[in-house]
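Biologist: Could you walk me through this one, starting from a single pair of residues and working outwards?

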Amino acid sequence: MKKIFINEEPWQTRVAIMDEEKLQNIYFWSHAGTVLEKAFYQALVTKVLPGIQTAFVDIGQEKSGFLHISEIDRELAINRMSESFGSFESTEKKESDRRPHQASDIAKILKEGELLLVQVSKEPVNEKGAKLTTCFTLPGRFIVLMPTIPRIGISKKIDNREERNRLRDLVLSNLPEGMGAIIRTCSENRAEREILQDIKFLLNIWNTILEKQKTAEVGQQIHQDIDLALQVVRDHLDNDVEEVVVDSKDMQKRLVTFVKEIAPEFSDKIKLYTGKTPLFDKHNIESQIKDSLKSKVELRSGGSIVIEATEAMTVVDVNTGRFIGRSNMEETIFKTNMEAAEEVTRQLKIRNIGGLIVIDFIDMSSGSNKQKLFRFFEKTLKEQDKFQSVLLKISEFGLVQMTRKRSGKTLIKELTDTCKTCAGAGVIPSVRAESYALLRHLKQELLQNKVKGNISIKLSPEGFDYISTVEYDTLFNFEKELGGKITLIREKSLPIGSFEIEQE
C-alpha cells in the first residue's frame with residue numbers, strides 16, 4: 001500500500017509518496033519563492049516573431065515568457081485569422097477547412113501591444129523565460145477542464161469500454177459548448193453526482209478568472225492552483241493510499257477540511273505525526289532522497305543503472321555488475337534488464353526527468369526476451385507513472401528511446417547548484433595537470449622578464465606537495481634563470497589549480 005508523507009516547515013513544504021517503504025515521488029515547494037507553473041496571468045504581447053512563430057509576452061517576471069503558435073488554442077487562432085481577412089461570407093463548403101491552415105502565421109493572430117490571458121505551462125529554465133499557453137487547463141479531482149478546447153480525453157488506464165462511454169457522455173452533456181475535459185483515472189466507477197460536482201467547481205473557477213481578467217493589470221497573477229500538499233492529495237489520494245501522514249497540526253486541519261470537500265470517504269486517512277524523530281528520517285526518506293542524487297543506482301540482484309543528464313537528453317546505462325545468474329548469460333541479462341526497467345521507471349519519477357531519454361539495456365540475443373522487456377517496461381510506465389511517455393521499440397543495439405512529459409525542476413536542479421570548481425563538468429583537473437599549468441605560466445613570466453629576483457608562489461596544499469617533491473629540479477632550474485629564490489607557500493584557501501605569484 002502507498003503512503004503519503006508531508007513535512008511542513010515555515011520555509012518549505014515537502015511531500016513524499018512511498019510504496020512498500022520505497023520512495024516513489026518527492027515534491028518540494030519553497031514558501032519564499034513564486035511558483036509560476038499552472039498560474040494564469042494578464043499578459044502583454046511585447047514582440048511577435050513570425051520567423052520562429054513565437055511571441056514574447058510580459059507576465060510581470062524578470063524574463064518575458066514565450067508563446068509558440070502551437071500553444072495558441074484553435075478557436076482563438078481561427079477567430080483572429082478571420083478578423084485579419086475581414087468579414088465575408090462564403091458559399092464554399094470547404095471554407096472552414098481552410099481556416100486552420102491559415103492560422104499558421106502568428107503575425108495574423110497576435111499583435112504587439114495587445115492584452116492576452118495566458119497560463120504558464122512550464123517554469124523558466126536557465127536563460128529561457130516561462131513557456132506559456134492559451135490552451136488552458138484547470139485540474140480537478142475527477143476531470144481536468146479545458147475551457148478553450150472542445151475535446152474529451154479519457155485516461156488509458158480506464159479499460160472498460162462501457163465505463164469509458166458512460167464517463168464521456170456524462171462529461172460531454174454537462175459542459176458548455178466549446179469546452180472539453182480530460183477524464184482522470186480516479187473517475188472510474190464514480191457516481192454521477194461526484195463528477196458533476198467537480199465540473200461545477202471548475203466552471204466556477206473559470207468564470208472567476210474571466211471576471212478578474214477584465215480589471216487586471218499587466219503582469220498580474222489572476223489565478224494560481226492550490227498549494228503543493230493539497231495538489232498531491234487531490235491527485236494521488238485513492239483506494240491504493242493507506243494513509244496521509246503530516247507533521248503539522250495546522251496542515252492536518254487544512255487537509256481534513258479539503259478532503260472532506262473533495263473525497264469525504266478518505267478523510268479518516270489523514271493522520272498527525274507527533275514523534276520526536278523528524279518524519280522524513282523516521283521513514284528513511286531523507287537517505288533515499290540523497291541516494292537519488294547519485295548517478296549510480298544499485299539493483300537488488302547486484303546489477304546497476306547509471307543515469308547521466310546532458311542538455312539534450314538523459315542517458316541511462318544498465319550493467320549486470322556482480323549478478324551472474326543461475327543458469328546462463330541470457331537469463332542473467334534478461335533478469336537484470338527486467339529489474340532495471342522497473343527501477344528506471346521509479347527513478348524517472350523521483351528525479352522528475354523529462355524530455356528525451358535513451359536507455360541502454362544490456363543487449364540480448366533472444367528476440368522473444370526483447371519483446372517481453374519492452375512490453376513490461378511499457379506496462380510499468382503506464383501503471384506507475386502519471387506523466388505521459390512515448391516509447392520506441394528496442395533497437396538492435398538494445399537501446400530504448402522515449403520521451404516523458406516535463407514538469408517543474410528536476411531533482412538535481414531542485415537540490416544542487418553548479419560546482420564552482422568544476423563549473424558543472426563533474427570533474428576537476430588533476431593535481432599534476434594543474435601543477436604543469438603553473439610551471440608553464442611561470443616559464444612564460446620568466447621569458448618575458450615579468451618577474452625578477454626573489455618571488456613567492458601561493459598555491460593549494462595538493463599543488464605544493466606535488467611541485468615541492470616531484471618537480472623540485474624544475475624549480476631549481478627556474479631559480480637559476482631568475483637569479484633569485486622561489487618560495488612556495490601552502491595556502492589552504494586556494495583550490496587546486498589556483499595560484500598567486502608575488503614579487504618580493
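**From one residue pair to the sheet**

Modeller: Sure: S304 stands opposite N319 in β18. This is a predicted model, where local features need pLDDT of at least 70, side-chain atom pairs count only at pLDDT 80 or more, and totals for chains, interfaces and linings use all residues. Residues are numbered from 1 along each chain as its sequence is written, and side-chain values use heavy atoms, with hydrogens and water left out.

Biologist: How many bridges join strand β17 to strand β18?

Modeller: Strands here are DSSP E runs of at least two residues, and helices are H or I runs of at least four, numbered from the N terminus. Two strands pair if DSSP finds at least two bridges between them. β17 (residues 304-309) and β18 (residues 314-319) run antiparallel, and the bridge count is six.

Biologist: In what order do the six strands of the open sheet come?

Modeller: The pairing is mixed. At the edges sit β16 (296-298) and β20 (389-391), each pairing on one side only. The order is β16-β17-β18-β19-β21-β20.

Biologist: What angle does the direction of helix α10 make with that of β20?

Modeller: Helix α10 (residues 367-384) packs on the sheet, touching β19, β20 and β21; contact means heavy atoms within 4.5 Å. Axes are lines fitted to C-alpha atoms, for helices over the stretch in contact, and angles run from 0 to 180 degrees between N-to-C directions. For this pair it's about 175°.

Biologist: Which element has the lowest mean pLDDT?

Modeller: pLDDT is the predictor's confidence in each residue, from 0 to 100. The protein's mean is 87, while strand β15 (residues 270-272) has the highest element mean, 96. The lowest, at 40, belongs to helix α2.
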